[in-house]
Amino acid sequence: MDTSISLRVKDNSQQWGGNHSPQGERQNRRKQKLEALLQSIHVGDLEAARQAFIALVNFDLSVSTDPYLTKIGAALQSSNL
């Protein structure tokens with residue numbers, strides 16, 4: 001007796017929030033901005049880090065409530081890396 005079931009699933013990432021959905025795209029852009037900030041800090045480029053931090057905060061205001069990113073922003077503002 002064959003008990004297998006055949007299913008066909010239509011990929012509709014817009015509806016489900018996949019990587020190509022507006023939400024997934026927003027998360028990817030936020031990740032890219034955060035990576036740019038961390039890379040600038042890693043190489044010691046203070047001005048690029050400041051610009052990356054401003055771009056990140058302008059893109060996602062909730063970043064300004066994150067305690068770790070708030071400390072990073074304060075350190076960048078005071079040039080205290």
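These legends describe close-up views of a predicted protein model.

**View 1. The whole protein is built from helices, with no strands.**
The protein holds four helices and zero strands. Along the sequence, the pattern reads α-α-α-α. The protein has 81 residues, and 21% of them count as buried. About 6700 Å² of the protein is exposed. Carbon and sulfur atoms supply 52% of that area. Contacts also link distant parts of the sequence: among those between residues at least 6 apart, 42% join residues at least 24 apart.

**View 2. Helix 3 crosses helix 4.**
Two packed helices are described by the angle between their axes and the distance between the axes. Helix 3 spans residues 46-59, and helix 4 spans residues 67-77. Their axes come within 10 Å. The crossing angle is roughly 135°. Helix 3 is therefore oblique to helix 4. The crossing of this pair is left-handed.

**View 3. Residues of helix 3 meet residues of helix 4.**
From helix 3, the contact uses Leu-46, Ala-49, Arg-50, Phe-53 and Leu-56. From helix 4 come Leu-69, Gly-73, Leu-76 and Gln-77. How do the residues of this contact divide into nonpolar, polar and charged? Six are nonpolar, two are polar and one is charged.

**View 4. Helix 2 packs with helix 4.**
Helix 2 covers residues 22-43. The axes of helix 2 and helix 4 lie 13 Å apart. The angle between them is about 50°, which means that helix 2 is oblique to helix 4. Helix 2 passes helix 4 in a left-handed crossing.

**View 5. Residues of helix 2 meet residues of helix 4.**
Helix 2 contributes Leu-34, Leu-37 and Ile-41 to the contact. Helix 4 contributes Leu-69, Ile-72 and Leu-76. The contact of helix 2 with helix 4 has six nonpolar residues, no polar ones and no charged ones. Leu-69 and Leu-76 of helix 4 also take part in the contact with helix 3.

**View 6. Asn-80 lies in the segment after helix 4.**
Is Asn-80 buried or exposed? Asn-80 has a relative accessible area of 55%, so this residue is exposed. The C-alpha atoms of Asn-80 and Leu-46 are separated by 9.5 Å. Along the chain, Asn-80 and Leu-46 are 34 residues apart. Leu-46 belongs to helix 3 and takes part in the contact with helix 4.

Key
Residues numbered from 1 in each chain as written. Predicted model: local features only at pLDDT ≥ 70, side-chain atom pairs only at ≥ 80, totals over all residues. Heavy atoms only, no water. Axes fitted to C-alpha atoms, helices over the stretch in contact; angles between N-to-C directions. Helix = DSSP H or I, 4+ residues; strand = E, 2+ residues; numbered from the N terminus. Parallel < 35°, antiparallel > 145°, perpendicular 65-115°, else oblique. Left-handed = near helix turned anticlockwise from the far one by under 90°. Contact = heavy atoms within 4.5 Å. Nonpolar A, V, L, I, M, F, W, Y, C, P; charged D, E, K, R; others polar. Buried < 20%, exposed > 50% of the residue type's maximum accessible area, 1.4 Å probe, protein only. Areas by Shrake-Rupley, 256 points an atom, 1.4 Å probe, with all protein chains shown as cover.
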